[in-house]
Amino acid sequence: MAARKKGIYKDYIKRVLDFVVALVALIIISPVLLVAWLLLAIANGKSGAFFLQERPGKDAKLFTIIKFKTMNDKRDETGKLLPDEVRLTKIGKFIRSTSIDELPQLINVVKGDMSLIGPRPLLVRYLELYNEEQARRHEVRPGISGWAQCHGRNAISWEDKFKLDVWYVDHVSFATDMKVIFTTIKNVLMRKDISSASSATMEAFKGTKTEENNQP
């Protein structure tokens, strides 16, 4: 793996801005968080209002991500969870479409697990599926929004998403982060690219196919 590029913004200023902005934002939007928590607690019942799950962060170190839970835990007769589109409640669909479900991650930013801007933190099981280039997405803290979210979000392929993540790793700057923030706000207002073409959320990543593993 190539040596990581150092930079004043990337290694020092970015973390300070993350902490200050996230803390102030949490204070300002606390009424919104409270209302969302109450509505989801009612809609989800025993499933609860918060979604807590281990995710890999910087250098693939695990942390617990905090999000609002937009789906209940209903299962079929065999005990298997029902499809996402069935478990997604009406209020959950609204919370997801407005990206309010992502706001509790500001707590992760304050704690230092995440950044405001960076590659999205994905499932732990994906770690063993990345190729060497894709794994570079973990050279920086994961973000609430990122370069890939501004260029297709759930409407693009995993491979394209990872290429955009790695591009961001190599081009972290204040200007890039500002561009992501403004594009994210625009996309949220327009409710763009929330779902993939064939799923209510995003299909699972199963590894990148290569010519070698495609041979009979």
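## Working through the hairpin, helices and cores

Leu52 sits across from Ile66 of strand β2. The model is predicted, so local features need pLDDT of at least 70 and side-chain atom pairs count only at pLDDT 80 or more, while totals for chains, interfaces and linings use all residues. Numbering starts from 1 along each chain as its sequence is written, and side-chain values use heavy atoms, with hydrogens and water left out.

**Exercise 1. Work out how β1 and β2 are joined, and look at the turn.**

Step 1. Strand β1 covers residues 50-56 and strand β2 residues 62-68; the two run antiparallel, with 7 bridges joining them. Strands here are DSSP runs of E, at least two residues, and helices are runs of H or I, at least four, numbered from the N terminus. Two strands count as a pair if DSSP finds at least two bridges between them.

Step 2. Together β1 and β2 make a hairpin with 5 residues in between.

Step 3. Check the turn for positive phi. Asp59 has phi near 60° without being a glycine, and Ala60, also not a glycine, is at about 65°.

Step 4. Are these two loop residues buried or exposed? Asp59 is partly exposed because its relative accessibility is 46%; Ala60 is partly exposed too, at 29%. The cut-offs: buried is under 20% relative accessible area, exposed is over 50%, and partly exposed is in between (1.4 Å probe, protein chains only).

**Exercise 2. Describe how α2 packs on α4.**

Step 1. Start with the geometry. Helix α2 (residues 30-44) and helix α4 (residues 90-97) have axes that come within 9 Å and cross at roughly 145°. Axes are lines fitted to C-alpha atoms, for helices over the stretch in contact, with angles from 0 to 180 degrees between N-to-C directions.

Step 2. Which residues make the contact? From α2 they are Ala36, Leu39, Leu40 and Ala43, and from α4 they are Ile91, Gly92 and Ile95. Contact means heavy atoms within 4.5 Å.

Step 3. Sort them by class: 6 nonpolar, 1 polar and no charged residues. Ala, Val, Leu, Ile, Met, Phe, Trp, Tyr, Cys and Pro count as nonpolar; Asp, Glu, Lys and Arg as charged; the others, Gly among them, as polar.

Step 4. Now take α4 by itself. Its buried residues are Gly92, Ile95, Arg96 and Ser97, and these pack against α2, β2 and α7 (174-190). Just after α4 comes Ser99, with a positive phi near 65°.

**Exercise 3. Find the nonpolar cores and look around Leu116.**

Step 1. A nonpolar core is a set of buried Ala, Val, Leu, Ile, Met, Phe, Trp, Tyr and Cys residues joined through side-chain atoms within 4.5 Å.

Step 2. The largest one has 29 residues, and those touching the most other members include Phe68, Ile95 and Leu116. Among the elements giving two or more residues to this core are α1 (8-28), α5 (105-111) and β3 (115-117).

Step 3. Leaving out residues up to four places away in sequence, Leu116 touches Asp18, Val21, Ala22, Leu106, Val109, Gly143, Ile144 and Ser145.

Step 4. A separate second core has 7 residues, including Leu122 and Trp158.

**Exercise 4. Decide where the model deserves caution.**

Step 1. The chain's average pLDDT (the predictor's confidence in each residue, from 0 to 100) is 88, and 88% of the residues score at least 70.

Step 2. Residues 196-200 stay under 50, with 8 contacts beyond four places in sequence.

Step 3. Residues 211-216 are below 50 as well, with 2 contacts beyond near neighbours in sequence.
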